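Trainee: Could you take me closely through a single helix packing in this protein, and then set that packing in the wider fold?

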Amino acid sequence: MKHLLLFIPLLAVALTGGAQENQRPNIVLIVADDLGYGDLGCYGSEINQTPHINALAAAGVQFTDFHSSGPMCTPTRVSILTGRYQQRYGAQFDGALSGKTQRDEGLPHSAVTIAEVLADHGYATACFGKWHLGYQPPLLPPNQGFDEFRGLASGDGDFHTHIDRGGREDWWKGNTLEPDAGYTTDILTNYSIDFIERKRKSEQPFFLYLPHLAIHFPWQGPEDPPHRQAGVDYANDKWGIIPDPGNVSPHVKAMVESLDRSVGRIIDVLKKRGLAENTLVIFTSDNGGYVTYGKNFKHISSNGPFRGQKAQVYEGGHRVPTIISWPGKIEPAVSTATGHSNDFFPTIAAAAGIETDRSDLDGIDLLPLLQKGDPVPERTLFWRMKSLRAVRKGPWKLCAAGRKVELFRLDTDPGETMDLSKEHPEKLGELDAAWQQWNADVNASAEK
Ligand SMILES: [Ca+2]
């Protein structure tokens with residue numbers, strides 16, 4: 001693991017003449033699912049072998065303080081695609097959209113996705129992977145700016161049979177159910193490579209959004225057996241076939257390493273086709289990992305030194321591995337700057353040379369940081385998932401669950417072990433007031 005504590009601004013390479021019409025960069029946005037901070041070799045895993053992602057990190061900027069907008073799947077996906085807090089679209093986006101009770105809900109068509117912006121500027125766009133922002137047409141990617149969609153609409157499907165938690169077929173081509181044979185991670189990679197090859201020939205710039213299902217449950221590596229069959233409800237049996245629930249790690253290791261091979265194949269084709277230096281590659285995760293699940297499942301993911309896990313607002317729930325690579329345009333570095341999934345939209349738009357002129361975005365363009373080492377402007381970040389809430393400002397973080405409110409200093413206590421709320425009531429009050437103001441603001445947005 002790299003232990004550099006400062007952003008190392010190795011001589012930033014200036015953009016040569018900006019993003020010209022015929023040189024607009026391709027964008028590849030890879031989102032892992034439930035991948036914990038400590039699940040990759042380059043972030044300290046001693047279990048999982050991830051040479052390809054490690055190489056991507058070594059060639060790009062590896063963040064040590066990057067955050068997902070929510071500690072669950074659906075919320076962060078809203079943020080990634082819109083550049084705005086998910087709560088601006090309604091309280092239903094606090095958590096994951098339920099396949100049982102929210103099948104008619106989804107990201108509203110009025111939301112402007114980065115895919116729509118890029119498509120409007122001549123980009124070919126594709127989503128190959130897990131959507132989880134709507135369960136059926138017209139709430140699928142084809143109505144949110146994506147020319148092509150292959151993958152699953154729901155939050156989790158069997159990696160071999162592609163049956164969802166409710167026992168439904170859940171594998172789509174555009175707005176139509178169309179089954180595919182094979183292991184999910186591999187199929188999505190095959191489609192991605194095919195898309196890159198086709199667009200290379202057409203010389204159209206492309207945006208590839210690759211939201212992997214890996215490493216979400218069911219915990220199935222490529223060599224683990226299929227589990228789900230159509231017509232059976234898996235709500236109480238959603239984790240896959242795990243002979244030793246006390247040690248889920250071998251299954252997860254196989255999933256992480258399959259994910260790593262996928263990244264290797266994508267990078268290889270970009271290099272082989274001479275596209276690497278004109279392609280911005282982003283790798284991130286939608287939330288932290290599960291370390292345990294319920295009473296039985298243990299040793300699943302690692303969130304490194306951080307407290308908590310998926311579905312919580314301690315750092316383990318939302319501090320995620322994130323790498324941004326653009327060979328020749330962004331010098332390799334380890335960055336301790338604080339990043340957020342809201343930042344992808346404005347960063348991608350800026351890289352594509354698109355003036356967004358959007359005062360309603362919550363994220364910031366990270367290119368000045370990435371290319372020149374400019375400090376990220378001071379800002380306050382917020383989380384809300386039902387009764388859970390958190391605020392981050394500088395080193396300070398407020399974490400609350402209902403009426404239990406804690407205050408931490410992440411620079412001296414990254415593991416959130418020492419509650420300082422009694423010692424610093426003024427800081428607690430300041431952060432709490434900021435959260436209340438933010439909460440009122442996003443609620444007002446949602447009502448519009
Ligand atoms: Ca997730």
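Mentor: What follows goes from one pair of helices to the whole chain. This is a predicted model, in which local features need pLDDT of at least 70 and side-chain atom pairs count only at pLDDT 80 or more, while totals for chains, interfaces and linings use all residues. Residues are numbered from 1 along each chain as its sequence is written.

Helix α1 (residues 51-59) and helix α5 (residues 249-272) pack with their axes 7 Å apart and at an angle of about 55°, helices being DSSP runs of H or I of at least four residues, numbered from the N terminus. The axes are lines fitted to C-alpha atoms over the stretch in contact, with angles running from 0 to 180 degrees between N-to-C directions. That angle makes α1 oblique to α5, because angles under 35 degrees count as roughly parallel, over 145 as roughly antiparallel, 65 to 115 as roughly perpendicular and the rest as oblique. On α1 the contact is made by P51, H52, I53 and L56, and on α5 by D260, R261, V263, G264 and I267, where contact requires C-beta atoms, placed from the backbone, within 7 Å. By class, this contact has 5 nonpolar, 2 polar and 2 charged residues, with Ala, Val, Leu, Ile, Met, Phe, Trp, Tyr, Cys and Pro counted as nonpolar, Asp, Glu, Lys and Arg as charged, and the others, Gly among them, as polar.

Turning to the wider fold, the protein has 9 helices and 14 strands, strands being E runs of at least two residues. Its C-alpha atoms fill a box of roughly 60 × 55 × 45 Å along the principal axes.

Note on methods
Contact = placed C-beta atoms within 7 Å.
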